[in-house]
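Hi,

Here's the two-part thing I promised to pass along. Have a look at it first, then read my notes underneath.

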Amino acid sequence: MSFYDSILAGISLVGNVDAFLSLFIGIVVGVIGGAIPGLSATMAVALTLPFTFPMQPINGILLLLGVYKGGIFGGSIPAILIKTPGTPASSATILDGYPLAEKGQAGKALGMALWASCTADVVSNLSLILFAGWLASFALNFGPPEFFALIFFSLTIIAGVSGDSLLRGTLSAVAGLILATVGLDLVYGTNRFTFGDSNLMGGLNFIAVLIGLFAIPEVIAMAWDPTGHLGKARSLGKSWVTFREYKDSFFSIIRGSIIGVILGSIPGIGAAPSAFLSYSEARRTSKNKENFGKGEIEGVAAAEAGNNGVAGATLIPLLALGVPGDVITAIIIGAFMIHGLQPGPMMFVLNVDIIYGLFIGLIVSSVMLFAVGSVAIRAFRYVADVPKRILMPAVLVLCIYGVFAVNNNMFDVGVMFAMGWLGYLMVRTRIPAAPFLIAFILGPLLEDNFRQSMLMSGGDVSVFVRGPITWAFWTFSIIALFAIYKSIRNAKTA
Amino acid sequence: MLKVLFKGLNRWLGVFTLIFSAFFAFYAIPNWVYSPSNIRNIVLSPTFWPYVLAGILAFSGVALIITKQTPSTDQDTPAPAIGGMRPYMRLVILAIIMGSTMYLLPRLGMVWTTMLTFVATAFFFGTRYPKAAVVSAILVPLILYAFFAHVAGVAIPQGNFVRLP
């Protein structure tokens, strides 16, 4: 199929009201979810996932991508207004956004956040369109040993999402890998940790584990401290961002977008480090560097460009290699699987219409994000007024319905509750949940490709270094492990 | 109590991890993973991968014990709003609500059970808007039922008593 045919196939798939409505609703939900501290973009994507079950695959995935993009922007609203990032990605936005709000210029900060987010989003989407296909065509040469080396490299993601302790991150990841072994053995079909229960033979339901780990701990945390969330939204002020201010910050926005694209396309780094790197680069080179941290509009632009630049780029490894770039794309992989799609190089051959449909939808999403974001900035104070002590019971009920709907199985609801308590215990013991989830997804792939490679080679381990692709991934893994070791040493000496 | 625990958090986690890895390697895998007896290559056995994980787990446990015990900053750890055992009691009550939900779901049906769960949690959390909580408790499960049962085609459990269309 030619490039032109592929675009036409994509247009025929998304050229209808349903697709764009799904995307629009997704962005609205994402902005609201991201704007409510404690809900987060991750949780918003997780809670939206069950609603995609009855939808066409392309519409369901567009809905989730809308939530993802809206959520990343939405997180900047409470970061600026109440100094509480709605998502971790918005942490850097606080540095200058909140001081601007203190000066009565919250509207200006939010306006710049929106402009920078949408610009970065366009850059990120274009990068996805340009590079994902190329990477996928390269990945078509992969066999099980190459995939094993790639997934091993992807597990270095865990360092990026481990928070303040790599060891606790590793512990979390190993727990995820162990949980992923539950079910029938991939080669021999024998039972592993099923305890004779047929519910466990297919393994633990991914959605139940995911929602349990990310949504239920918030409900439990509410029981621990029912009044800890109380905060006040402030007024927007009368000043709004001008085109001149946008033009003055344009270079920082583009640089932040590129930083976001580069870091986003490497699995595991995520939006928060990208935002901080973009911010620090803007501060280093700005002529107003002494004003950074005190309410510099360029600081808001750089931080937001950094975190939104990641949103499209994380889909590059997802679509091209079938490897999640961060936690949210790990959830989105679940949506692909539920709709019978397997992200990866073969998707560019078998489902090229969906790939190009997604590309078209993503381009449109930047425009929609701008429209929805403009309204959301003004409407946030009403959204923030939703009492959290009513919101959380609603989240709990939604989780029950959503998890049950995956397999029409009450057992999954029990798994969700159990995982919720485990997730809360992890929060309390400061064990990050993200490595658990990523390992839970990648674990079966890692084992499957390992055993397939060993079957292919008759037990000869040299199959794992059989060609330049495997060498490249082992080299990347060694570099990543060395970088992790170095960062730990630097942190200790600091 | 928490501060004492977190003072040596990694050590506690390390000890627990080591105990669990020993249990996993010496009891769980031999008893709960079934491997055909005619496997020629050990790496293809269904038990191989779990044993590798048990090894990594043990290694992580040792590393957690011998690593420098970082003091807690308490920034990521939610502090209890009210001291003493009351926060723990609230956790127990929430666990009871969740357990009751699981018990009632197949008996009362999903809609009625989740209505009760909604009301129970909202009042348990001390909502300042009781009327809004009750209205939401009725509407949210009904809307979700309508979506999942009539749009998504999911067979939502109806229970043994009142059945919805």
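Below is what came out of going through it, starting with how far to trust it.

Some housekeeping: residues are numbered from 1 along each chain as its sequence is written, and chains are lettered from A and ligands numbered from 1 in the order in which they are written. This is a predicted model, so local features need pLDDT of at least 70 and side-chain atom pairs count only at pLDDT 80 or more, while totals for chains, interfaces and linings use all residues.

**Confidence**

The model comes with an ipTM of 0.89 and a pTM of 0.77. As for pLDDT (the predictor's confidence in each residue, from 0 to 100), chain A has a mean of 83, with 90% of its residues at 70 or more. Chain B has a mean of 84, and 85% of its residues reach 70 or more. Among the elements of chain B, helix α1 (residues 2–7) has the lowest mean, 51, and α5(B) the highest, 95. The pLDDT also drops below 50 over residues 72–77 of chain B, a stretch with 7 contacts in the model beyond near neighbours in sequence. Where pLDDT is low, the predicted coordinates should not be read in detail. In chain A, the element with the lowest mean is helix α9 (residues 157–160), at 65, and the one with the highest is helix α21 (residues 410–428), at 93.

By the way, helices (H or I, at least four residues) and strands (E, at least two) are DSSP runs, numbered from the N terminus. Two residues are in contact if their C-beta atoms, placed from the backbone, lie within 7 Å.

**Chain B and where it meets chain A**

Chain B has 6 helices and 0 strands. Its domain assignment gives domain 1 (2–66) and domain 2 (86–151); such bounds come from an automatic or database domain assignment. Taken over C-alpha atoms, the centres of domain 1 and domain 2 of chain B are 38 Å apart. Of the contacts in chain B between residues at least 6 apart in sequence, 59% join residues at least 24 apart.

At the interface, 58 residues of chain B are in contact with 53 residues of chain A. On the chain B side, α2 (9–32), α3 (48–66), α4 (86–108), α5 (110–124) and α6 (130–151) each supply at least two residues. That side of chain B divides into 41 nonpolar, 14 polar and 3 charged residues. For that split, Ala, Val, Leu, Ile, Met, Phe, Trp, Tyr, Cys and Pro count as nonpolar, Asp, Glu, Lys and Arg as charged, and the others, Gly among them, as polar.

Burial goes by C-beta atoms placed from the backbone: a residue is buried if 20 or more others lie within 10 Å of its own, exposed if 12 or fewer, and partly exposed in between. By that count, 30% of the 165 residues of chain B are buried. One of interest is S21(B), in helix α2 of chain B, which counts as buried because it has 23 C-beta neighbours inside 10 Å. Not counting residues up to four places away in sequence, S21(B) touches A54(B), L57(B), A58(B) and G61(B).

**The core**

A nonpolar core here is a set of buried Ala, Val, Leu, Ile, Met, Phe, Trp, Tyr and Cys residues joined through C-beta atoms within 7 Å. The largest has 210 residues, and V45(A), I211(A), I332(A) and L437(A) have the most contacts inside it. Helix α7 (residues 106–139) of chain A gives the most to this core, 16 residues. Domain 1 and domain 2 of chain B each put in at least three residues.

V45(A) belongs to α3(A), where it is buried. In fact, 9 of the 9 residues of that helix (residues 40–48) are buried, so it is largely enclosed by the rest of the structure. The cover over its buried residues includes α2 (17–35), α4 (57–74) and α20 (388–407) of chain A. I332(A) is in contact with V45(A), and also with I61(A), L64(A), Y68(A) and L318(A), leaving aside its neighbours within four places in sequence.

**Two backbone oddities**

F195(A) has a positive phi of about 55° although it is not a glycine. F195(A) sits in the loop between β2 (191–192) and α11 of chain A and counts as exposed, with 10 C-beta neighbours inside 10 Å. R430(A), also not a glycine, has a positive phi near 60°. R430(A) lies in the loop between α21 and α22 (433–457) of chain A, but is buried, with 21 other C-beta atoms within 10 Å.

Cheers
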